[in-house]
Amino acid sequence: MTRIPKFLLLGLVIASCGSHAFAQLTDEPNGGRILSLDEALRRSLRYNPDIAKLDAALADKLARAIEAEVKLNPTFKVTAGRTSEQEGVGSEFEFEIEQPLRPSDFGLRKTYAAALRVTASIEQQADVLRVLNTTAITYYRAWSLQERAALLERSRTQADQVLGTLQEQLEAGQSNISQRSIFEAEVARFSAELLAVRGEQAGAQAELERATGARTTGLRLDRPGFPALPGTREMVAFADRRSGIRRLALVQRAAAAKSLSVAHADAVFPEFAPGLVTRYGSRNDEANVGLTIAGRLPLWDRNQGELTRARGALDAANRELASYDRVGLERSVNARRQQLLNLQTRAAAYRDQVIPAYRAAYDATLSQFRAGQATALQLFELQRSVVDAQEKAFDYAVEALSARTHLEQIIGGRLEEVGKENSSK
């Protein structure tokens with residue numbers, strides 16, 4: 001049986017990961033553990049039960065290839081008898097063996113089986129990448145909830161500190177109850193939202209633990225990065241070599257065409273079975289050897305069922321390939337690349353410009369508030385702006401990272417692999 005070596009699939013996830021241990025977790029200086037996205041993907045390849053299901057599916061596809069190629073088993077018949085006549089008593093023995101041969105056994109089934117194996121290999125790579133991208137999305141969600149929980153906890157602490165300052169000002173006659181009530185409501189709101197986010201975070205961590213086999217207790221997820229994007233032509237060339245969506249459609253169409261050829265050959269030409277027969281009679285002490293040939297004419301059963309299935313599969317494969325060709329792989333990759341580039345730019349702008357600007361404004365207003373130069377309402381508005389901007393930044397980062405997985409599914413591999421292959425040439 002043809003097997004797809006695991007080290008070929010491993011290239012999907014370790015192209016840019018250096019020489020770290022296969023399932024190693026990075027240690028923090030304070031003794032905690034950090035799980036990066038690359039490490040999560042490596043662990044998913046090893047521990048994710050969905051990968052094991054893909055292995056079972058691959059075995060089934062390879063079994064179909066074996067069944068398509070292997071010839072029918074020979075048939076045999078043994079006949080023994082005893083005769084009693086006036087001349088005496090004797091025994092007779094007859095042995096027959098036949099080898100059924102279908103028209104498609106002469107080359108067509110071998111090429112069909114080869115097409116099935118190629119299709120199984122490409123589909124396996126695409127399915128492994130799909131599972132890894134699902135793991136990546138789970139990681140993105142868990143990371144976003146981790147950061148949201150930290151944001152809400154920090155905002156609640158800040159609101160509580162402002163509430164303490166307002167209480168002191170109220171006792172000194174420098175504030176009023178309405179301003180204190182606003183921040184009391186903020187503390188309660190942050191506490192309630194933090195409770196809900198921690199519940200979601202626990203669910204996301206459980207999904208991530210199932211996919212990676214890493215205990216999430218005391219585990220911190222590292223911020224996913226935004227590496228430089230390869231050019232469109234580089235990605236298209238990479239997709240032609242790997243399990244890109246168009247190449248996958250091409251091999252599926254090729255397998256469907258071979259299946260139709262096999263079905264058509266078995267429908268038009270008769271099946272025949274050459275054989276050998278030997279006879280032996282003890283009374284006359286004679287032995288005979290002869291050749292036989294049997295056949296089966298395609299009169300009533302003309303393989304209509306297989307022909308219908310094969311034509312349907314080929315028609316579906318042609319339509320799927322045509323749908324990609326109408327848009328064009330290069331245009332599709334370029335559109336996804338531009339979408340990802342725009343989303344990454346927006347996420348980077350929030351991370352590097354918007355959030356620092358809001359944070360600086362909030363810190364300045366907080367200092368003015370403590371010095372009596374700003375009102376609690378001004379501080380409240382800035383705090384709401386900071387929290388809203390940071391939550392948008394988390395959403396935008398997840399959108400960009402999700403768009404990255406869609407692009408990787410189109411080209412059939414991770415974006416880091418594209419750069420690595422080009423640099424190695």
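**Notebook: helix pair and largest pocket**

I started with a helix pair: α4 and α10 are roughly antiparallel to each other (angle over 145 degrees), because α4 (108–171) and α10 (residues 376–411) pack at about 175°. Their axes, lines fitted to C-alpha atoms over the stretch in contact, with angles from 0 to 180 degrees between N-to-C directions, lie 9 Å apart.

I noted that this is a predicted model, where local features need pLDDT of at least 70, side-chain atom pairs count only at pLDDT 80 or more, and totals for chains, interfaces and linings use all residues. Residues are numbered from 1 along each chain as its sequence is written, and side-chain values use heavy atoms, without hydrogens and water.

Next I looked up the whole chain. I found 11 helices and 7 strands (DSSP runs: H or I, at least four residues; E, at least two). Of the 425 residues, 41% count as buried, meaning under 20% relative accessible area with a 1.4 Å probe, protein chains only.

Then I turned to the largest pocket (on a 1 Å grid, an open set of points where a 1.4 Å probe fits, with protein on both sides within 12 Å along at least five of seven lines). I read about 770 Å³ of space there, counted as the space filled by probe spheres set on the points. Its lining has 32 residues (an atom within 4 Å of a point), and Arg 109, Ser 259, Val 262, Ala 263 and Glu 306 lie nearest the centre. I see that α7 gives the largest share of the lining, 7 residues.

Definitions and conventions
Parallel < 35°, antiparallel > 145°, perpendicular 65-115°, else oblique. Buried < 20%, exposed > 50% of the residue type's maximum accessible area, 1.4 Å probe, protein only.
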